[in-house]
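Let's walk through this one together, starting from a single side chain and working outward to the sheets. Keep the viewer open as you read.

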Amino acid sequence: GTQASFSIENNSLVANVINGGTNPWDVQYIQQNILIERGKTYDILFDASSTQTRTINIGVGENTGDYVGYFIKNITLSSTMQTYIFTATMTNATDSVARFIIEFGGQNVNVNMDNIILREHIELYLAVSTNSLIIEAAANSQKTFDITSNTNWLLASAQTWLTISRDKG
């Protein structure tokens, strides 16, 4: 008795839930055959909104048997597009045919999702060699500092007298 349709609009997943049934799992969007390894940590990131406040479940679980949820998160959505991020560690045995699940059932409310990512967790860091620099007033004065990072970053200045030069790394 459930009824829902999925479409891609403006590169976003749209779940049109007409009759969501009584359980969250009554309407599901699934990607199968995903390798999830015991002891590894994973991130799930996505942007989402709904036509009115509602919950969805999102995560990773078994694709056979009892359909055990390895890590499933209940998320409350609103009409404002927001970014959601959660991290979980796989404590069950490695599963080479796991499934990524988004559950839309139990409510008759539409959902819009974008930038859906399941990835192995990356510990991001950004380190700067000093918290402050004093630059002499004389013309062509220079100071240097080091930035160490495993992510993208941007260095900018709103001062017309200050020129930024990236000469390495």
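Asp95 is a buried residue without a salt bridge. Look around for a side chain of opposite charge and the nearest is Arg99, 8.6 Å away. A salt bridge would need a side-chain nitrogen of Lys or Arg within 4 Å of a carboxyl oxygen, so Arg99 at 8.6 Å doesn't qualify. Keep in mind as you look at this that the model is predicted.

So what does the side chain of Asp95 make a polar contact with? The partner is the side chain of Tyr70, at 2.6 Å. Tyr70 also turns up in the wider contact list of Asp95, together with Ile34, Leu35, Ile36, Glu62 and Met90, once neighbours within four places in sequence are set aside. As for where Asp95 sits, it belongs to strand E8, which covers residues 95–103.

Now zoom out to the sheet around E8. Four strands make up an open sheet here, in the order E3-E8-E5-E6, and the pairing is antiparallel. Which strands stand at the edges? They are E3 (28–36) and E6 (69–77); each has a single partner strand, so one side of each has no neighbour in the sheet. From one strand to the next, the twist averages 15°. As a reminder, strands of a sheet pair through backbone hydrogen bonds, in either a parallel or an antiparallel way.

Strand E5, residues 54–61, is a good one to follow through this sheet. With E6 it pairs in the antiparallel sense over eight bridges. You can pick out individual pairs: Arg54 has Leu77 as its bridge partner in E6, and Ile58 stands opposite Lys73 in that strand. Toward E8, five bridges hold E5 in another antiparallel pairing; there, Gly59 is partnered by Ile101. How many of the eight residues of E5 are buried? Seven are, so E5 is largely enclosed by the rest of the structure.

Two backbone oddities are worth a look if you like Ramachandran plots. Asn33 isn't a glycine, yet its phi is positive, about 60°. Asn33 is found in strand E3, and because its relative accessibility is 55%, it counts as exposed. Tyr67 is the other case: a positive phi of about 55°, again on a residue that is not a glycine. Tyr67 is found in the loop between E5 and E6, and with a relative accessible area of 46% it is partly exposed.

On to the other sheet. Five strands form this open one, in the order E1-E2-E9-E4-E7, with antiparallel pairing. Its edge strands are E1 (3–9) and E7 (82–89), each pairing on one side only. Neighbouring strands of this sheet are turned by 25° against each other on average, ignoring direction. For a bit of detail, take strand E2 (residues 12–19) and strand E9 (residues 111–120): they run antiparallel and are joined by three bridges. Leu13 has Met113 as its bridge partner in E9.

Strand E4, residues 41–50, holds Ile44. Is Ile44 buried or exposed? Its relative accessible area is 0%, and because buried means under 20%, Ile44 is buried. Leaving out residues up to four places away in sequence, Ile44 touches Ile58, Gly59, Phe71, Tyr84, Ile85, Phe86, Phe100, Ile117 and Leu118. Ile58 and Gly59 in that list should look familiar: they came up with the bridges of E5, where Ile58 stands opposite Lys73 and Gly59 pairs with Ile101. Tyr84 is another contact to check, as Ile44 and Tyr84 are 40 residues apart in sequence and 8.0 Å apart in space, C-alpha to C-alpha.

Stay in E4 for one last stop, Ser49. Ser49 has a relative accessible area of 12%, so it counts as buried. Apart from residues up to four places away in sequence, Ser49 touches Leu77, Ser78, Ser79, Thr80 and Met81, as well as Asn110, Val111 and Asn112. Leu77 is the bridge partner of Arg54 that you met earlier in E6.

Key. Residues are numbered from 1 along each chain as its sequence is written. This is a predicted model: local features need pLDDT of at least 70, side-chain atom pairs count only at pLDDT 80 or more; totals for chains, interfaces and linings use all residues. Side-chain values use heavy atoms; hydrogens and water are left out. Two strands pair if DSSP finds at least two bridges between them. Axes are lines fitted to C-alpha atoms, for helices over the stretch in contact, and angles run from 0 to 180 degrees between N-to-C directions. Buried means under 20% relative accessible area, exposed over 50%, partly exposed in between (1.4 Å probe, protein chains only). Contact means heavy atoms within 4.5 Å. Lys and Arg count as positive and Asp and Glu as negative; His and the chain ends are not counted. A polar contact is a pair of N or O atoms within 3.5 Å; within protein, one must be able to donate a hydrogen and the other to accept it, and residues adjacent in sequence count only if both atoms are side-chain atoms.
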